[in-house]
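Here is a short report for a first look at this structure. Keep the sequence and the 3D view side by side as you read.

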Amino acid sequence: MTLPACGSAHERQRHGTPQRPGGGVALKRIGDFEGPTYVAGAPGYPKLLFVVEQPGRVEVTRAGHRLPHPFLDIRSLVGYDGGERGLLSIAFPPNYRSSGRLYVYYTDNDGNIRVDEFRRQGATRAARGSRRTVIEIPHPVNANHNGGQLQFLGPLLYLGTGDGGSGGDPPNNAQNPDSLLGKLLRIDPRPSGGQPYSVPADNPLVGKPGRDEIYSYGLRNPFRFSFDTVTAGQPRIAIADVGQNRFEELDYTTAAEARGANFGWDALEGFAPYTEEHGGTPDPDGTTKPILAYSHSRDSGSCSIIGGYVVGRGGPPALRGRYVYSDYCSGRLHSLLPHLHGAGKDSRLGLEVPSPTSFGEDDRGRIYVSSQEGGAYRLVAR
């Protein structure tokens with residue numbers, strides 16, 4: 001199985017088991033799963049943890065023990081090819097305990113991106129018959145660059161989509177306001193006016209040319225992004241955008257400033273002009289620059305940034321206020337201090353996870369990381 005979120009996947013290395021820590025943080029294994037792609041908690045259920053498996057199941061643990069039945073099994077709906085397709089994330093709205101609504105992001109059997117809503121049948125089981133399609137985004141031609149993240153900020157759902165695949169974004173989807181690919185989208189996922197979802201009136205393209213769902217654009221493959229509600233009074237967003245052949249980047253700005261922001265792909269890769277295959281897109285100017293870009297030569301071979309979270313009070317004290325992330329090929333865990341105009345004190349944690357696919361956060365603010373090779377771990381104080 002491979003899920004590099006698509007940088008230079010041929011550089012991928014295998015490390016076996018996580019490395020022993022060298023600082024104040026360690027990894028505690030919470031279980032073994034089938035190609036886990038995401039770990040999440042649900043508001044109002046602090047003892048439950050949901051682990052997304054790429055082939056199409058969501059497993060659930062209670063108080064650290066895996067339950068014998070999955071929370072959700074939609075393998076028949078999920079187009080999983082052993083690469084970047086599959087079931088990629090799950091999201092619970094803030095009012096999940098009362099509403100019972102939850103959302104999953106996956107690629108279907110035709111390769112299209114889908115977000116579906118389900119209803120909770122019980123605390124540890126979703127009602128399969130409750131499935132409702134929220135949005136379907138055509139993803140023709142290529143199997144890679146599917147994006148994959150869902151995140152709620154208040155009642156609104158954000159989703160990050162890849163540019164449609166291949167190298168250099170040949171159709172120029174990321175810069176095209178009429179395409180939902182290569183974007184950060186923002187919707188209200190609840191049905192309204194006979195439609196499966198509605199669009200907030202203050203989305204940047206409402207009343208203008210382009211798709212109303214778009215919140216930000218110019219992204220290559222924002223496989224993982226998260227909201228920072230720890231370091232400032234107003235929420236900020238951290239988008240780990242997977243690069244092409246040279247650089248991986250981390251975009252970090254306020255959620256308000258992300259409205260209408262252009263992150264530069266495919267005119268730019270990291271801070272540098274992109275001039276390789278299918279390059280030559282003019283610099284659109286006024287782009288939002290990353291706070292961090294690193295080359296594929298870092299850590300003896302990197303290829304695809306795996307974005308994480310800014311650690312709050314539920315995480316290890318040594319990491320509080322720091323953003324944790326990794327790279328699919330190197331597997332080395334890093335942390336940094338996120339600022340709006342740069343990243344400070346980027347350093348290794350002295351920990352490795354083989355082929356990391358995602359970080360996650362539970363209802364207590366504890367931080368997790370999953371491995372394509374099956375393991376899921378919680379970051380704990382050493």
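## A partly exposed tyrosine

A residue counts as buried under 20% relative accessible area and as exposed over 50%; in between, the residue is partly exposed. The model shown here is predicted. Take Y80 as a test case. Its relative accessibility is 28%, so Y80 counts as partly exposed.

Where does Y80 sit? Its place is in the loop between β6 (72-73) and β7 (87-91). D108 is 28 residues away along the chain from Y80. In space, the C-alpha atoms of Y80 and D108 are separated by 8.0 Å.

## The chain as a whole

Strands abound in the count: the chain has 27 of them and one helix. The radius of gyration is 19 Å, close to the 21 Å that the globule rule gives for 382 residues, so the chain is as compact as a globular protein of that length. The C-alpha trace spans about 55 × 55 × 40 Å along its principal axes.

Of the 382 residues, 62% count as buried. The accessible surface of the chain is about 13800 Å². Carbon and sulfur atoms hold 48% of that surface. Now consider contacts with a separation of 6 or more: 58% of them join residues 24 or more positions apart.

## A four-stranded sheet

Strands of a sheet pair through backbone hydrogen bonds, either parallel or antiparallel. One open sheet here has four strands, in the order β15-β16-β17-β20, with antiparallel pairing. Its edge strands are β15 (224-228) and β20 (292-295), and each pairs on one side only. From one strand to the next, the twist averages 10°.

Look inside this sheet at β16 (residues 236-241) and β17 (residues 247-254). Six bridges link the two strands in the antiparallel sense. Which residue of β17 is the bridge partner of A238? That partner is Y252.

## A loop before β20

T281 lies in the loop between β19 (272-273) and β20. Its side chain makes a polar contact with the side chain of D266, at 2.9 Å. Beyond its neighbours within four places in sequence, T281 is in contact with N172, D266 and A267.

## A hairpin

Strands β23 (residues 332-339) and β24 (residues 342-352) also form an antiparallel pair, over six bridges. How many residues does the hairpin that joins β23 to β24 run through? The hairpin passes through two residues. H339 stands opposite G342 in β24.

Notes:
Residues numbered from 1 in each chain as written. Predicted model: local features only at pLDDT ≥ 70, side-chain atom pairs only at ≥ 80, totals over all residues. Heavy atoms only, no water. Pairing = 2+ DSSP bridges. Axes fitted to C-alpha atoms, helices over the stretch in contact; angles between N-to-C directions. Buried < 20%, exposed > 50% of the residue type's maximum accessible area, 1.4 Å probe, protein only. Polar contact = N/O pair within 3.5 Å; in protein donor to acceptor, adjacent residues only side chain to side chain. Contact = heavy atoms within 4.5 Å. Rg over C-alpha atoms; globule rule 2.2 N^0.38 Å. Areas by Shrake-Rupley, 256 points an atom, 1.4 Å probe, with all protein chains shown as cover.
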